[in-house]
Amino acid sequence: SDDGKTGISRFTSGMMSMAKSVLGMNGYSLCLDDCLRAFFSSENLEGDEQYYCEKCKSKQDASKAYSLAHLPEVMCFHLKRFNKTNYSGWGLGSQKNSTLISYPLKGLDLKPYLYKPDPSLLNSDDDERNYSNDSCASTSSTLYDLFAVVRHIGGINGGHYISNCKNPVNEEWYEFDDEFIRHLPASSVPSTSSEAYLLFYAKRSSDEQISGKRDIVEKYLTPSLQRVEETEKKKR
């Protein structure tokens, strides 16, 4: 019957939609700034979610939002790649989110997400000093550069993790795959990926700070990388 055909068509359409979602084939992509804007966007608290005001002693409509009070030296972004689903058939109670995410290798600016205090809500001069963001006053101190990416390859029931990391001394990238380490040409470092799971960014530092960090890296990390490079040459 026509109703039977319609039902089959809807079922097939629904199954295809679910399969595309599971496989990350929804046909759209996002950039890291899209994700950050969504995370730091304001949320209205109304109805059952109203905020209880201590001054008014009653529930009031309100809004809430996250913001950054201070910027750390290293910022780690965890992309939500595993989602719970309402569909429980075939054991699919969760799914891998394989949406393409583009992210800058250099110059990620976190200034738009810094906390901007309302002077009328500050209790004292100390509060104003604490949240004046003097340490973030210059544009350069709000800029971050990527130095590591952790990628998840596979599905929800199994997979593998691979890391791409940058040596701050020689500015070269390396790929770490269990016990295997190889040099990664700059042109091969992806800035768009459906596998990126963790993104590590370092705040741009002054020349003096960079020099101090390089001393540490040269002492502990560089000898290990040199041994890796020597091993690779012998394999060739």
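This report describes the overall make-up, the nonpolar core, the aromatic pairs and a few individual residues of a predicted protein model.

**Overall make-up**

The protein has 236 residues, of which 25% are buried, and its secondary structure consists of five helices and 16 strands. Its accessible surface amounts to about 15900 Å², and carbon and sulfur atoms contribute 52% of that area. When contacts with a separation of 6 or more are considered, 65% of them join residues that are 24 or more positions apart.

**The nonpolar core**

The largest nonpolar core contains 23 residues, and the members that touch the most others are Leu32, Phe77, Tyr103, Leu110, Leu199 and Tyr201. Two or more residues of this core come from each of the elements H2, E6, E16 and strand E11, the last of which covers residues 143-155. Leucine 199 illustrates how such a core member is surrounded: with its neighbours within four places in sequence left aside, leucine 199 is in contact with nine residues that include Leu32, Phe77 and Tyr103, as well as Met75, Cys76, Leu79, Leu146, Ala148 and Val149.

Tyrosine 103 also appears among the contacts of serine 193, a residue that touches Arg81, Thr99, Leu100, Ile101, Tyr103 and Arg151 when residues up to four places away in sequence are not counted. Serine 193 lies in strand E15, which spans residues 192-193, and serine 193 counts as buried because its relative accessibility is 7%, below the 20% limit. Although serine 193 and tyrosine 103 are 90 residues apart in sequence, their C-alpha atoms are 8.6 Å apart in space.

**Aromatic pairs**

A pair of aromatic rings is described by the distance of the centres and the angle of the planes. Searching the whole structure gives six aromatic pairs, and one of them is the stacked pair of phenylalanine 39 and tyrosine 66, with 5.1 Å from centre to centre and 15° between the planes. This pair links distant parts of the chain, since phenylalanine 39 belongs to helix H2 (residues 32-39) while tyrosine 66 sits 27 residues away in the loop between strand E5 (62-64) and strand E6 (74-78). Tyrosine 66 is exposed, because its relative accessible area of 53% is over the 50% limit.

The rings of tyrosine 161 and tyrosine 197 form a tilted pair, because their planes meet at 40°, and their centres are 5.9 Å apart. Tyrosine 161 is in strand E12 (residues 158-166) and tyrosine 197 in strand E16 (residues 196-203), so this pair ties together parts that are 36 residues apart in sequence. The two rings differ in burial class: tyrosine 161 is partly exposed at a relative accessible area of 42%, whereas tyrosine 197 counts as buried at 15%. Ring pairs also join Phe39, Phe40, Tyr66 and Tyr113 into a cluster.

**Two residues with positive phi**

Most residues other than glycine have a negative phi. The table sets out two residues with a positive value.

| Residue | Phi | Loop between | Relative accessible area |
|---|---|---|---|
| Lysine 57 | about 60° | strand E3 (51-53) and strand E4 (58-60) | 53% |
| Aspartate 178 | near 55° | strand E13 (173-177) and strand E14 (180-184) | 57% |

Lysine 57 counts as exposed, and aspartate 178 is exposed as well.

Notes:
Residues numbered from 1 in each chain as written. Predicted model: local features only at pLDDT ≥ 70, side-chain atom pairs only at ≥ 80, totals over all residues. Heavy atoms only, no water. Phe/Tyr/Trp six-rings, centres within 6.5 Å; stacked < 30°, edge-to-face > 60°. Helix = DSSP H or I, 4+ residues; strand = E, 2+ residues; numbered from the N terminus. Buried < 20%, exposed > 50% of the residue type's maximum accessible area, 1.4 Å probe, protein only. Contact = heavy atoms within 4.5 Å. Areas by Shrake-Rupley, 256 points an atom, 1.4 Å probe, with all protein chains shown as cover. Core = buried A, V, L, I, M, F, W, Y, C linked by side-chain atoms within 4.5 Å.
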